[in-house]
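Me: I have a new structure open and do not know where to begin. Can we go through it step by step?

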Amino acid sequence: MFEEFSEELIDHPEANDHPESEEIAEGESMKKSFHIQETNNPDMPEVVIGGVPELWAETMDSYQGDNEYGIRQCCGLVSTSNLFQMAGMDLTEDDVVEYALGNNRCIIDWFDWSESGGTEKEDVEAILESHGIEAETYEAFEVDYEEMAGWIEGGQGVILGHNAYLTMEGMEDYASTNAYGQLFADHYVAMTGTVRDLDGNLLGYTVCDSGFHDGMRFISLDQMDAGFKDVFYGDVIVTSEPIHEDGRPLYQA
């Protein structure tokens with residue numbers, strides 16, 4: 001239904017503007033705010049957006065590889081930097097790449113430096129925790145989609161490990177496989193919001209995708225099944241506590 005969902009679907013507000021939000025539920029420690037947004041889909045002219053993905057689309061880093069070290073395979077490092085930004089900590093891609101290189105927290109390709117920067121879940125957790133943000137990883141089979149939505153809507157930082165092309169319409173034939181032809185997770189993105197219909201049914205999520213230079217890419221639940229649940233090594237890294245409240249940072253810069 002949401003094949004047309006793209007950056008054009010939602011009009012992004014200015015970076016310092018918060019969308020008009022209405023508190024519709026109370027969590028244990030965080031309020032969850034939602035706002036109605038028009039779409040370009042005639043079958044569903046309005047959706048309910050959870051969180052402030054428009055804000056993150058303007059302020060997060062959606063272009064990996066432009067660091068001073070020339071490292072390009074750094075989706076996990078940039079996603080980590082984006083969680084720091086979400087928390088109000090001024091740690092850029094350069095800062096996180098430098099830390100990862102100096103602390104053996106990313107892959108280094110000595111034959112092609114630009115191909116360096118890949119991370120495992122343990123690396124992302126360690127980098128976050130070294131800067132005061134506790135996090136843990138769940139394998140795809142352990143995660144319920146509504147639980148994941150609750151993390152995002154409640155202000156926790158969430159990084160999704162998935163097979164990127166399986167979450168993009170028309171790109172499925174390019175999905176990464178291993179030597180045995182098995183599909184596997186090959187890309188990290190920061191999750192920034194949820195999308196629901198007007199009855200509250202979850203339709204999918206928005207992400208800041210630094211690898212494909214899209215600050216607000218939509219992933220439907222069917223695409224989540226294909227690129228997250230049904231591949232090897234799909235996982236999600238989530239902060240133990242909220243790091244922002246409706247776009248307002250909860251950590252010191």
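Reply: Start with one term. A residue is buried when its relative accessible area is under 20%, and exposed when that area is over 50%. By that rule, 52% of the 253 residues of the chain count as buried. Keep in mind that this is a predicted model.

Me: How many helices and strands are there in the chain?

Reply: The chain has 6 helices and 11 strands. Look also at how far along the sequence its contacts reach. Take the contacts with a separation of 6 or more: 66% of them join residues 24 or more positions apart.

Me: Which residues have the most contacts inside the largest nonpolar core?

Reply: The general idea comes before the case. In soluble globular proteins, nonpolar side chains tend to be buried together. Here the largest nonpolar core holds 31 residues, and L77, F84, L128, I133 and I237 have the most contacts inside it. At least two core residues come from each of α1 (53-59), α2 (75-87), α3 (93-102), α4 (121-130) and β6 (187-196). The top contributor is α2, with 7 residues.

Me: What does L77 touch?

Reply: Leave aside residues up to four places away in sequence. L77 then touches V96, V97, A100, R105, C106, G117, T119 and I127. There is also a second, separate core, made of 19 residues, among them M191, I219, F228 and V238.

Me: How do I read the packing of two helices? Take α2 and α4: at what angle do they pack?

Reply: Read the angle, then the distance, then the hand. For α2 and α4 the angle is about 30°, and the axes are 10 Å apart. Angles under 35 degrees count as roughly parallel, so α2 is roughly parallel to α4. Their crossing is right-handed. On the α2 side, G76, L77, T80, L83 and F84 make the contact; on the α4 side, V124, I127 and L128 do.

Me: And at what angle do α2 and α3 pack?

Reply: About 125°, with axes 9 Å apart. Therefore α2 and α3 are oblique to each other. This crossing, too, is right-handed. From α2 the contact uses L77, V78, T80, S81 and F84, and from α3 it uses E93, V96, V97 and A100.

Me: Which residues of α3 are buried?

Reply: Think about helix geometry before looking. An α-helix has 3.6 residues a turn, so residues three or four places apart point the same way. In α3 the buried residues are E93, V96, V97, A100 and L101. Seen down the axis of α3, they fall within an arc of 135°, so they line one face of the helix. Their cover includes α2 and α4.

Me: Let me try the same reading on α6. Which of its residues are buried?

Reply: Helix α6 spans residues 221-229, and its buried residues are Q223, M224, G227 and F228. Down the axis of α6 they fall within an arc of 100°, so they line one face of the helix. What covers them includes α5 (145-153), β5 (156-162), β7 (202-209), β8 (214-220) and β9 (235-242). F228 has turned up before: the second core includes it.

Me: Now one strand residue. Is T206 buried or exposed?

Reply: T206 sits in strand β7. Its relative accessibility is 0%, so T206 counts as buried. Compare sequence with space here. T206 and V195 are 11 residues apart in sequence, and their C-alpha atoms are 7.4 Å apart.

Me: What about backbone angles? What is the phi of N104?

Reply: For N104, phi is positive, about 55°, although N104 is not a glycine. N104 comes just after α3, in the loop between α3 and α4. With a relative accessible area of 65%, N104 is exposed.

Me: Where is H213 found, and what is its phi?

Reply: H213 is in the loop between β7 and β8. Its phi is near 55°, again positive in a residue other than glycine. At 39% relative accessibility, H213 counts as partly exposed.

Me: Which helix should I look at again?

Reply: Go back to α2. It gives the most to the largest core, with 7 residues. Then find L77 and F84: they are in the α2 contact with α4 and in the α2 contact with α3.

Conventions:
Residues numbered from 1 in each chain as written. Predicted model: local features only at pLDDT ≥ 70, side-chain atom pairs only at ≥ 80, totals over all residues. Heavy atoms only, no water. Core = buried A, V, L, I, M, F, W, Y, C linked by side-chain atoms within 4.5 Å. Buried < 20%, exposed > 50% of the residue type's maximum accessible area, 1.4 Å probe, protein only. Helix = DSSP H or I, 4+ residues; strand = E, 2+ residues; numbered from the N terminus. Contact = heavy atoms within 4.5 Å. Arc of directions from axis to C-beta. Axes fitted to C-alpha atoms, helices over the stretch in contact; angles between N-to-C directions. Parallel < 35°, antiparallel > 145°, perpendicular 65-115°, else oblique. Left-handed = near helix turned anticlockwise from the far one by under 90°.
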